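Visitor: I would like to learn how to read this model. Please take me through its features in turn.

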Amino acid sequence: MARAVVVGVGNDYRGDDGAGLAVARLLRGLGVPAVDNGGDPAELIEAWTDTGVAVVIDAARSGDPPGTVRRHAGLRQLPEGTASTHALSLADAVALGRALGRLPGELIVYTVEGASFVLGAGLSRPVASSVPDVARAVMREIQQMRGSCSPTSMSTTRVDPTSVRMTTRPG
């Protein structure tokens, strides 16, 4: 199996922007290796360099109802129409990684729609409620990888559609 990395992106001091970090911490508590990233594209690129699969979890601001979770697969189809709360967006990190020749073999992004990104606030109720659902979905991704599931087939898999609202964009 190719090496995989799980990265939670966000800022604990900006309300729902901490969603990715909350998922990464929950996964670590369940024994799944996951790293925190405060929105630094250089650290993100370093984390996913030489990996077969990178799973990135981040908050989004796209106009969907708060707590909506979306799964985006593939390097060509990144989440569109979302405003980043980081200095550089995930799309910027991918563009920089591409220029440096340091992209993962497959990129899977889970976004959690935020309600509030106010400085000093914690996670909103809808976002906090979605954190365990995202963690379960990421764990399923990892189990599929361990089961020799190819990245191509993973990019079309819907994960737990009854508890997580998913949209899959093929890469």
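Guide: What follows covers confidence, the sheet, the helices on the sheet and one pocket.

Visitor: Which elements have the lowest and the highest mean pLDDT?

Guide: This is a predicted model, and the chain averages a pLDDT of 81, with 77% of the residues scoring at least 70. Among the elements, helix H1 (residues 19–29) has the highest mean, 97, and helix H5 (residues 151–154) the lowest, 34. Over residues 148–171 the pLDDT is below 50, and this stretch has 60 contacts in the model beyond near neighbours in sequence.

Visitor: What is the order of the strands in the sheet?

Guide: In general, strands of a sheet pair through backbone hydrogen bonds, in parallel or antiparallel fashion. Here five strands form an open sheet in the order S2-S1-S3-S5-S4, and the pairing is mixed. Strand S2 (35–37) and strand S4 (69–73) each have a single partner strand, so one side of each lacks a neighbour in the sheet. From one strand to the next the twist averages 25 degrees.

Visitor: How many bridges join S4 to S5?

Guide: There are five, and S4 and strand S5 (residues 106–113) run antiparallel. As one position to look at, Arg70 stands opposite Thr111 in S5.

Visitor: Which strands does H1 lie across?

Guide: H1 lies across S1, S2, strand S3 (53–60) and S5, at about 165 degrees to S2. Helix H2 (residues 41–48) also packs on the sheet, where H2 touches S1, S2, S3 and S5, and its direction makes about 160 degrees with that of S1.

Visitor: What lines the second largest pocket?

Guide: The second largest pocket holds about 170 Å³ of space. Its lining has 11 residues, and those closest to the centre are Ala4, Val5, Val6, Pro33 and Ile142. Strand S1 (4–9) and helix H4 (125–146) are the elements that each give two or more residues to the lining. By class, the lining has 10 nonpolar residues, one charged and no polar.

Terms used
Residues are numbered from 1 along each chain as its sequence is written. This is a predicted model: local features need pLDDT of at least 70, side-chain atom pairs count only at pLDDT 80 or more; totals for chains, interfaces and linings use all residues. Side-chain values use heavy atoms; hydrogens and water are left out. On a 1 Å grid over the protein atoms alone, a cavity is a set of points where a 1.4 Å probe fits but cannot get out, and a pocket is an open set with protein on both sides within 12 Å along at least five of seven lines; lining residues have an atom within 4 Å of a point. Grid points are joined across faces, edges and corners, and a volume is the space filled by probe spheres set on the points. Helices (H or I, at least four residues) and strands (E, at least two) are DSSP runs, numbered from the N terminus. Ala, Val, Leu, Ile, Met, Phe, Trp, Tyr, Cys and Pro count as nonpolar, Asp, Glu, Lys and Arg as charged, and the others, Gly among them, as polar. pLDDT is the predictor's confidence in each residue, from 0 to 100. Contact means heavy atoms within 4.5 Å. Two strands pair if DSSP finds at least two bridges between them. Axes are lines fitted to C-alpha atoms, for helices over the stretch in contact, and angles run from 0 to 180 degrees between N-to-C directions.
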